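This report sets out selected structural features of the chain shown below. It proceeds from helix packing to cores, cysteines, carboxylate side chains and backbone geometry.

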Amino acid sequence: MSVLTRDEAQTRAQLLDVHRYTIDLDLTTGEDTFDSRTVIQFTALAAGDTFVELKPATLRSISLDGHPLDPADLTENRYPLTALTAGPHELRIDAAMRYSRTGEGMHRFTDPTDGETYLYTQLFMEDVQRVFAAFDQPDLKSVFALTVTAPEDWTVLGNGIADHTGNGRWAIAPTPLISTYLVAVAAGPWHSVTTQHAGLPFGIHCRRSLAPHLDADADEILDITRACFDRYHEKFDEPYPFDSYDQAFVPEFNAGAMENPGLVTFRDEFIYRSAVTDTERQTRAMVISHEMAHMWFGDLVTLAWWDDIWLNESFAEYMGYQTLTEATRFTDTWVDFGVARKGWGYDADQRPSTHPVAPDPAAVPDTASAMLNFDGISYAKGASALRQLVTWLGEKDFLTGINTHFARHKFANATLADFIDNLASATDRNVHAWADQWLRTTGVDTLTPHIDESDGAWSITVDQHGHRPHRIAVGAYDHAIDTQPGPDRLILRDRFELDVPHNNTAKHHTGRRPALVVPNDNDLTYAKVRLDPESWNTALHTLSGIPDALTRAVIWNTARDMVRDGELHPTTYLRTARTHLPHETDLALVQGVLTFADTQITRRYTTPGNRPAAHATLTDLCRDLIRRTEDGTNPGLRLTAVRHLIDAATQPDTIQDWLTNGSVPGGPELDPELRWRILTRLAVLGATDETAIATELEHDPSATGQEGAARCRAALPTPEAKAAAWHSLFNDDTLSNYLFSATAQGFWQPEQAGLVHTYVPRYYPEATALAARRGPAIAEAAGRYAFPHYAIDTDNLHHGEQALNDPTLIPALHRKLTDQIDDLRRALAVRNAH
C-alpha cells in the first residue's frame, strides 16, 4: 500500500478544491463486504495530474465527468487521475469494500451474547479508503452527505441528524466542512437513550446486551455531557458547530474514543457491567470531556498536516481535565493526571523514540510516520506543557488567544505557527520563544532544590538539569503537633512561586527551615523532581500525612522516577507503599501506586530470587487495605485492594475460596470482571483447567467473557496451552483485535519463564511477519501485549536489538519494539544497580 507523503498532500492541496462527497453505503450485501458508491465534486485549480485513494475488495466502475475509466488502473490504494483540466469535475466510484475485524475502516462485530451484529467506522489517518473513495488528507475539507441501507430493524447514526426514510434507508444530514478522517457511521440494533440540550438532540447508544448497564449510568453520562457542553460555551466564543451530539459506545474499539463531529465513538468498556471505582468513573468523564473539546480543536479547526497532531490531542487532553474539574463533581482530576497520565509522558520522553511535542515537519514525511506520534508525548507531555503555559500566561490571555484562533480558522485548517501567532496576539509575553523551548525540544528536565539554613533564616535555590523555563510553586511544610495514629502529619507553612532558571538566585525566608520543601508543588510544570536529603527523609516517613493530594502525587512520581533511574531500591518503594497507602485518602493515588508496584516493581524490576518477598509485601499491603475497608465506607478502595490481591496471589487457596463462594468475605460479591480475574490468576498458578474455563464461559458467554476465556487458556502453564495460544496469535489471522490482545495478555507470565523461554527468540520474526500481513492495528497489539515483557535478560535484549535492524519491520511495530526494548534495557539496569 502507498502511504501519503507530506509533499504529495501539499501538491494535491494546491491543485484541488473539494466541494462535496455524496456517499451511498449498502450494508445488506453479506458478512464479508458492503457496497460503497461515491460521487466527489471538486474543482481543479489548474491543469494537472493527481490521484484518489481507495482500498476496495472489488472496484466495479469509475468515471470522471461521465466518461468511464478502466478499474484495472487502480494500483495498490491509488487511482490515477491524469490530464485534469482546470475547472469543475465529478468523479463517480462504485466498489465493494471489505469489513474489518481489526477496528480499522468499517468494523463488523457479532455479539456472542445475542447474535446481533453491529458496524461502525474508524477512519482515522488513512482508513477512510477502506470505506469510500476520497482525496484523503486533512486539509482538503469538504461537505459529506451520506445515505445508508441497513437491515430494517437497525438504527443508523452519523455525523448529522439521521432520518429513516423507509425500507432500511437512512439519510444523514450533510456536514459542514470537515476532514475525511472525521466522517463516521455506526449501524446496528442500538439501544439508545436520547434527550435534548441547548436546542440540540443528544443521544447515547450501546449494543442491546449492554442496555441495562447503560440505563444504570445514563443520567451520570448525560449530566457530565451537558455540564461540559455548557462550560465549553462559557470558555469559547464559537458555538458548538454541528447539528447534534451522539455518543456511541462500540465494541472492539482500538482507541479510548474518537472525536467524530456529532458522533463520538467510545470503547464500550466504558459501559460498566461490573463494579468500578469512582476514579474509573472519573476517567470515563474525562474522556467525554476530552472528546467534546475536539469539537472545536480538531473538528472546527483542523491541523493542515499530521506533524501538528499535538494541536488536537494536547489541547483536548488539557481541556478535558481542566473542564471536568471546573464543571463536574470530579474536582481532583489533576491528581489522576499526575499519577496515571504524566508518567506515560515522562517514560516516552526518555526513550530513543522520543520526539518534540511539535516535531519538525521533516520528521513527519508521511502518514505512516505520523501515526507513531500518538503517544505519551502528544497527549500527556503536550497537556502538561499547556498547563505550564496557562500558569505562565494566565488563563484569561490563554483563552483570548484560543478564541482568536477559532475565529480566524473555523471550518478550515491551521498550523503551529497560526496557533502561536494567535496566542501571541493576546499577550505581551514572548510566546514564540516559549514555544521553541517547550514544543520544539525533547527530554525531561530535572529540578533539584538546595536548602541553606543560617542565622534564623532559610533559603532555596533550584538547580535545573535541562533547558526549559519553568514557573513552579514551592511548598514549605512543617510537622503538625497532634496525637493522631499513623504517620506524622504535615501542615503547609508557605507556598510561593519561582521562575526557573530566571529566579535561580537564592530565595530567602525567615524562620528555621521547613521539614519538607517540595519544588513543583501542585504539579504545575513538566519536570522530574528530586528533593533535598532532609526533605526526602521527611517524605518517606510522612507521605500520607501531606495535606494536599496533588503534592503527594508529585512525591510519588519522584519515587517512581528514582526507581526507574536506579536511585531508589524497588524494595524501598514497596515498603513506602506498605507504610502509607493504608492511610491514603485519594483513590487515584492508591490505584496509581499499586499499579506501578504490581506491573513494574514486582514483575520487572525485582529479580526472580527477590520476587516472593516483593509479592508478600504487596499482598500484605492489599490485606491492610481490605481490613481498613471492612466497615463498608470505601467500596472503591476495597475493590482496588481485592483486584490487586488477586493479581499478586502466589497461592491459590484464598482466591479459589472466593470463586467457589461467589464473594469476598465482607464483600464485594464477585461480578464477571472479578470472576475472570481470579480464574486468570488460578490459571497462571496451575490451579484450574479447561473444564473450569469452559464452565465459566457458559455462565458468561459475552464478548468480555470470550476475552476472559482466551486470556485464561493462554495463561495455563502447560506446553499444549502455550502452543495453542501461540498458534492463535501468529498463525490464525481470524482473531479479532480484542481476542488477539486477550490471548497475548495471558501468554507471558513471570512465573512461567522456564516454560516459555523457547518462544522468546521466535517472537521477533513471527511478529514481524504478522504485522506485515495484518497491518498497523494488529502490529500495535503484537508490540504492546505479545512482547515477552518478563524475559528480563540479555538474551531477550540481544534478540530485540537484532530485530530492530530488520528492514521488513513496518513502522507501527518498529516503534513499539523500540520502546519495549528500551524498557527492557532499563529494567536490566535497575536490577543491576542494586
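Helix α13 turns seven named side chains inward in this predicted model: P570, T572, Y573, L574, T576, A577 and H580 are its buried residues. These residues pack against α11 (533-542), α12 (549-564), α14, α15 (611-628) and α27 (811-833).

The loop that follows, between α13 (570-580) and α14 (587-605), holds D586. This aspartate is buried yet has no salt bridge, and R552, the nearest side chain of opposite charge, is 5.4 Å away. Because a salt bridge requires the nitrogen and carboxyl oxygen to lie within 4 Å, the 5.4 Å distance from D586 to R552 does not qualify. The side chain of D586 instead reaches the backbone nitrogen of A588, at 3.0 Å. Beyond its neighbours within four places in sequence, D586 is in contact with D332, V335, A549 and R552.

A second carboxylate, E152, is found in the loop between β10 (143-149) and β11 (155-158). Is E152 buried, partly exposed or exposed? With a relative accessible area of 48%, E152 is partly exposed. Its side chain reaches the backbone nitrogen of G168 at 2.6 Å. Leaving aside neighbours within four places in sequence, the contacts of E152 are H164, N167 and G168. The C-alpha atoms of E152 and G188 are separated by 9.8 Å, although the two residues lie 36 residues apart along the chain.

**Nonpolar cores**

In soluble globular proteins, nonpolar side chains tend to be buried together. Which residues touch the most other members of the largest nonpolar core? They are F398 and L439, in a core of 257 residues. Helix α14 gives the most to this core, with ten residues. Leaving aside neighbours within four places in sequence, F398 is in contact with F315, Y318, M319, L386, L389, V390, L393 and L423. A second, separate core has 13 residues, including W458, I460, V462 and I472.

Helix α7 (residues 377-393) is mostly covered, with 16 of its 17 residues buried. Just after α7, G394 adopts a positive phi of about 95°.

**Cysteines**

How many disulfides does the structure hold? It holds zero. C622 is in no disulfide, and the nearest cysteine sulfur, that of C712, is 20 Å away. Likewise, C712 is in no disulfide, and its nearest cysteine sulfur is that of C622, 20 Å away. Because a disulfide requires two cysteine sulfur atoms within 2.5 Å, the 20 Å separation between C622 and C712 leaves C622 without one. C622 is buried, with a relative accessible area of 0%. C712 also counts as buried, at 0% relative accessibility.

**Backbone geometry**

Most residues other than glycine have a negative phi, and most peptide bonds are trans. The residues and bonds below depart from one or the other of these patterns.

| Site | Backbone value | Location |
|---|---|---|
| A198 | phi near 55° | loop between β15 (191-197) and β16 (200-206) |
| E252 | phi about 55° | loop between β17 (245-250) and β18 (257-258) |
| V500 to P501 | cis, omega near 10° | P501 in the loop between β25 (490-500) and β26 (507-510) |
| G667 to P668 | cis, omega about 5° | P668 in the loop between α17 (653-661) and α18 (672-684) |

A198 and E252 each carry a positive phi without being a glycine. Are these two residues buried or exposed? A198 counts as exposed, at 57% relative accessibility, whereas E252 is buried, with a relative accessible area of 9%. The cut-offs explain the assignments, because buried means under 20% relative accessible area and exposed means over 50%.

The cis bonds each lead into a proline: one runs from V500 to P501, and another joins G667 and P668. P501 lies in a loop between two strands, β25 and β26, whereas P668 is found in a loop between two helices, α17 and α18.

How values were computed:
Residues are numbered from 1 along each chain as its sequence is written. This is a predicted model: local features need pLDDT of at least 70, side-chain atom pairs count only at pLDDT 80 or more; totals for chains, interfaces and linings use all residues. Side-chain values use heavy atoms; hydrogens and water are left out. Helices (H or I, at least four residues) and strands (E, at least two) are DSSP runs, numbered from the N terminus. Buried means under 20% relative accessible area, exposed over 50%, partly exposed in between (1.4 Å probe, protein chains only). Lys and Arg count as positive and Asp and Glu as negative; His and the chain ends are not counted. A polar contact is a pair of N or O atoms within 3.5 Å; within protein, one must be able to donate a hydrogen and the other to accept it, and residues adjacent in sequence count only if both atoms are side-chain atoms. Contact means heavy atoms within 4.5 Å. A nonpolar core is a set of buried Ala, Val, Leu, Ile, Met, Phe, Trp, Tyr and Cys residues joined through side-chain atoms within 4.5 Å.
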